[in-house]
Amino acid sequence: MIFLDFEKPLENLYEQLEKIRQVGEQGDIDVSEMVQELEDKITNQRKEIYANLTGWQKVQLSRHPERPYTLYYIRHMCDTFVELHGDRRFKDDKAIVGGLGSLGGQNVVLIGHQKGVNTKMRQYRNFGMANPEGYRKALRLMKLAERFGHPIVCLIDTPGAYPGIEAEERGQAEAIARNLIEMAQLRVPVICVVIGEGASGGAIGIGLGDSVYMLENTWYSVISPESCSSILWRSWDYKAQAAEALKLTPDHMLEFGLIDGILQEPVGGAHAQPEEMAKLLQRHLQKTIAEFQDMDPDARIARRIDKYSKMGHYAAKPVTVAQPEEEK
Amino acid sequence: MGWFKRLKDGIITSTKDKKEAPDGLWYKCQRCKAASTLKEVRENFHKCTRCNYHIRIGSHDYFDLLFDGEYTEIATDIQSEDFLEFTDLKPYKDRLEAARKKTDLDDALSVAIGTVEEKPLVVAAMDFSFIGGSMGSVVGEKIARAIDYALTERTPLMIISKSGGARMMESAFSLMQMAKTSAKLSQLAKAGVPYFSFMTDPTTGGVTASFAMLGDINFAEPEALIGFAGPRVIKETIKKDLPEGFQTSEFLLDHGFLDFIVDRKDLKTRVGELLRLF
Ligand SMILES: [Zn+2]
């Protein structure tokens, strides 16, 4: 088990629990009562810690190395899944995966950012940072879904679109922009869920949909707290402060009307009970698909565009006394 | 009416600038360091008379360059608000106030309607002087209203981008403006109303990754910085020097993301040509 800094009290309790169990195994002393007591303590401690997470702690949790990623969810949710590769233009991006799957008997196209599960795979997946071909692969699969009437599921988990020379040469900005304008007009339901990090253009590039939910321990922002700290505070040391200032938690996002809902995670986070999380996610996706599937496509598109048109917060300009017109 | 005053302000602003800068004053080119008089620079479409460097200019300068004569500003009744109570080294509220005072603008984008070579056109133009031309809720909403006007009147739309990207102080609100402006542009595309995207120095981040790259025609001023990630971020990520001319207009033209580059002196003529060809 990997413990984050704010989970330290838990780590101590787990250590105690382990020692007592060893004592129990070695000798004749009955430790069951003590074990029970400690387990209750752990449950309570965990609830307490997780009930009061700060923005920065949610960011840390969203990056927990044991957190399930897109392919984990797909494998646990789908009866059948065939991964499809390539953007048919340049190459196959490993940081965005996708394919055809069956979700409780419903054929869908699933797309998501993919991070690696170990050091080698993290590099292979480019840490979940897609290049233009990733966004173009995603769009190709979305168009495929549209042609065959399949709902689209997008799982978002990226620290950002990759900032590299080749990414710029091949039009990172154009790839993301194209996805946004195309996704607005897709004639099938588009269901998005932020399952980890929702960083900036790299996230929204597969994130415009009829329904956008966030898992409980995730974040969504225009910039990562680290980069925000570096730009606005001119130092890397203010990431926790930046995370608070950005108001990037699911609760904030829902309050601002920028997402449609929050999906609760099992106590201890998605990584503590990944299989349970996959079940919860599957239930959510099937329910949401059913909600949107029977709508008239034109009405659904109009509703989608209307939803995004309303996003924003501004004030009426104070009225100034009109100046008399002097000349022409 | 709001627009009436703004229109007047627009004219007064540029006239005032001209008065405050007597013709005898010198402009020192940022690039080649050559000195020219302000009058020479102004008559040369705000470009260096020696090296043709395109000096950064504001939304109303572009309106003056493009429109046949008078123009009408629309969507002038809204302004940004520090809804998130965002404070970094300075409160966003103070940054907004300072920007309004300094620029005499409501936000980083203004929308105007008028005619170019007698053809009607809606122009939404950004101001880099207002918090780096960053896109927040107001920029997004003004673009949405410009698109609504273009849709209703079936008038072509031109957006002049000049922006460092999304406005961090509006966090996810600014991010969602990428989705909002792109979704609105999809309506314009569907309705068959032309959209010209004109990129000027600089056009980066969320602005490039949304409306700036979505023109039926994409074009730019010479040597403008255009990209998704900023050069500094890329350099820090790859730990290598960037190639000469990377992320310039010429680089984008060569890689197939621009239709052409246009010198500022030819802008009006070129837009007039486009309007007749659609
Ligand atoms: Zn010069």
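**Two chains, from a helix pair to a shared contact**

Let's start inside chain A, where the axes of helix α10 (residues 225-232) and helix α11 (residues 239-246) come within 8 Å and cross at roughly 100°. Keep in mind as you look around that this is a predicted model. How should we describe the way α10(A) and α11(A) are set to each other? Angles from 65 to 115 degrees count as roughly perpendicular, and therefore α10(A) and α11(A) are roughly perpendicular to each other.

Now zoom in on the residues that meet there. On the α10(A) side you'll find A:Pro225, A:Glu226, A:Cys228 and A:Ser229, and they meet A:Lys239, A:Ala242, A:Ala243 and A:Leu246 of α11(A). Sort the residues of this contact by class and you get 5 nonpolar, 1 polar and 2 charged.

Next, hop over to chain B. This chain is divided into domain 1, which covers 1-55, and domain 2, which covers 57-277. If you go from the C-alpha centre of domain 1 of chain B to that of domain 2 of chain B, you cover 21 Å.

Chain B also has some strands worth tracing. Begin with strand β8 (residues 195-203) of chain B, which pairs with strand β9 (residues 217-220) of chain B in the parallel sense, over 4 bridges. To find one spot in this pairing, look for B:Ser197: its bridge partner in β9(B) is B:Asn218. Then carry on from β9(B), which also pairs with strand β10 (residues 260-261) of chain B, in the parallel sense and over 2 bridges. Here B:Ala220 stands opposite B:Ile261 in β10(B).

So much for each chain by itself; how many residues does each chain put into the contact between them? Chain B brings 57 residues and chain A brings 48. On the chain B side, the elements that give two or more residues are α1 (2-20), β4 (78-79), α5 (137-153), α6 (171-191), α7 (205-208) and α8 (231-238). Which of them gives the most? That's α6(B), with 18 residues. By class, the side of chain B that touches chain A has 29 nonpolar, 18 polar and 10 charged residues.

One last thing to look for is a strand pairing that links the two chains. Strand β9 (residues 315-316) of chain A pairs with β4(B) in the antiparallel sense, over 2 bridges. To spot this pairing on your screen, find A:Ala315, which stands opposite B:Gln79 in β4(B).

How values were computed:
Residues numbered from 1 in each chain as written. Chains lettered and ligands numbered in written order. Predicted model: local features only at pLDDT ≥ 70, side-chain atom pairs only at ≥ 80, totals over all residues. Contact = placed C-beta atoms within 7 Å. Nonpolar A, V, L, I, M, F, W, Y, C, P; charged D, E, K, R; others polar. Pairing = 2+ DSSP bridges. Domains from an automatic or database assignment. Axes fitted to C-alpha atoms, helices over the stretch in contact; angles between N-to-C directions. Parallel < 35°, antiparallel > 145°, perpendicular 65-115°, else oblique.
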